[in-house]
Amino acid sequence: MNPSQDYQRYLEPGFIPFAPLELARQTEEIVCRGDQRKYTKFYCVGVYGGIATGYTCGCCLRCIFCWVNWSRDFPEKYGDFYSPEQAFEQLTRAARKRNVSQLRISGAEPTLGKSHLLGLLEKIEKSPFRLFILETNGILIGADADYARRIAKFKKVHTRVSLKAGTPEDFSKRTGAVPESFDSPFQGIINLIKAGASFHVAAMTADPRIVTRQERQSLLEKLSSIHPALAENIEEEVVDPYYTTMERLKYAGVKIPWPES
Ligand code: SF4
């Protein structure tokens with residue numbers, strides 16, 4: 001399906017903030033078909049000590065530092081539909097090629113297409129694979145406590161919730177979403193805790209070019225107010241100069257200095 005003309009692409013100065021659940025709904029119309037989901041490719045990468053990865057299309061945020069290819073912004077132009085069984089087969093093939101026992105979905109937002117993801121996790125739970133890492137922005141899990149409960153039932157799944165900002169204003173500037181949706185990923189974390197899920201939190205808080213010390217402090221305090229261990233165990237990242245990251249920053253009118261290569 002082709003999106004309407006007002007479908008949100010990458011951010012530009014003067015953008016109108018959007019409701020991420022509405023963008024999720026619009027994006028699911030493009031990248032999901034029944035329990036099928038669009039993927040661009042499947043292969044093994046070195047992170048997490050080696051992991052077979054399926055790259056999905058489509059997200060409900062528009063982060064200005066996002067490294068994902070243009071399938072995030074133009075999901076109608078990229079990828080092919082895979083059922084949970086077909087995605088599992090592709091992940092298995094990629095894992096066997098490199099003899100790894102871990103799997104993940106990355107590239108855009110894996111929680112779009114609930115029936116696809118849960119169907120895939122069913123297959124993985126029954127397989128010999130050791131671990132599945134679910135990398136998410138936490139928006140949909142925050143809006144749907146049942147989603148967190150169903151994910152938590154899978155013993156092989158570990159979720160990594162990637163937070164984008166420490167204040168509502170920074171969240172909106174950096175992701176394009178309305179400031180009112182800032183709390184949604186934190187609600188996702190609360191839902192995962194209540195469900196007893198295995199998870200940890202990540203954020204770009206090691207990069208003062210993106211997140212100031214003051215904002216980092218706000219984010220850590222907010223996490224601590226949910227549970228002190230969340231802030232103590234946070235995975236802090238920096239922005240890497242991928243081509244798409246640099247292009248998105250340029251389109252958004254944001255300049256950050258890169259170290260000399
Ligand atoms: S960084 Fe993650 S949450 Fe943000 S737009 Fe990219 S895929 Fe979506």
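How many of the contacts in the protein with a separation of 6 or more join residues 24 or more positions apart? The figure is 77%. Keep that in mind as we walk through this structure, which is a predicted model.

Let's start with the overall picture. The protein has 261 residues, and a compact globule with that many would have a radius of gyration near 18 Å; the protein's own value is 18 Å, so the two agree. If you draw a box around the C-alpha atoms along the principal axes, its sides come to roughly 45 × 45 × 40 Å. Inside that box, the secondary structure consists of 10 helices and 9 strands.

Next, what's inside and what's outside? Buried residues account for 54% of the 261. The protein exposes about 12,300 Å², and 50% of that comes from carbon and sulfur atoms. As for charge, there are 35 positive and 31 negative side chains, and the centres of these two sets lie 5 Å apart.

Now let's zoom in on Glu 135. You'll find Glu 135 in strand 6, which covers residues 131-136. Is Glu 135 buried or exposed? Its relative accessibility is 13%, and buried means under 20%, so Glu 135 counts as buried.

Which residues does Glu 135 touch, once its neighbours within four places in sequence are set aside? They are Tyr 48, Arg 104, Ile 105, Ser 106, Glu 109, Pro 110 and Arg 160. With two of these residues, the Glu 135 side chain makes side-chain polar contacts: one with Tyr 48 at 2.7 Å, and one with Ser 106 at 3.1 Å.

Follow the contact to Tyr 48 and you land in the loop between strand 2 (36-45) and strand 3 (51-56). Tyr 48 has a relative accessibility of 33%, so it counts as partly exposed. Its backbone deserves a look too. Most residues other than glycine have a negative phi. Tyr 48, though, has a positive phi, near 60°.

Ala 108 also has a positive phi, near 70°, and it isn't a glycine either. Where does Ala 108 sit? Look in the loop between strand 5 (102-106) and helix 3 (114-125). With a relative accessible area of 17%, Ala 108 is buried. Back at Glu 135, the contact list includes Glu 109 and Pro 110, so it's worth having Glu 135 and this loop in view together.

Note on methods: Residues numbered from 1 in each chain as written. Predicted model: local features only at pLDDT ≥ 70, side-chain atom pairs only at ≥ 80, totals over all residues. Heavy atoms only, no water. Helix = DSSP H or I, 4+ residues; strand = E, 2+ residues; numbered from the N terminus. Rg over C-alpha atoms; globule rule 2.2 N^0.38 Å. Buried < 20%, exposed > 50% of the residue type's maximum accessible area, 1.4 Å probe, protein only. Contact = heavy atoms within 4.5 Å. Areas by Shrake-Rupley, 256 points an atom, 1.4 Å probe, with all protein chains shown as cover. Lys, Arg positive; Asp, Glu negative; His and termini not counted. Charge placed at Lys NZ, Arg CZ, Asp CG, Glu CD. Polar contact = N/O pair within 3.5 Å; in protein donor to acceptor, adjacent residues only side chain to side chain.
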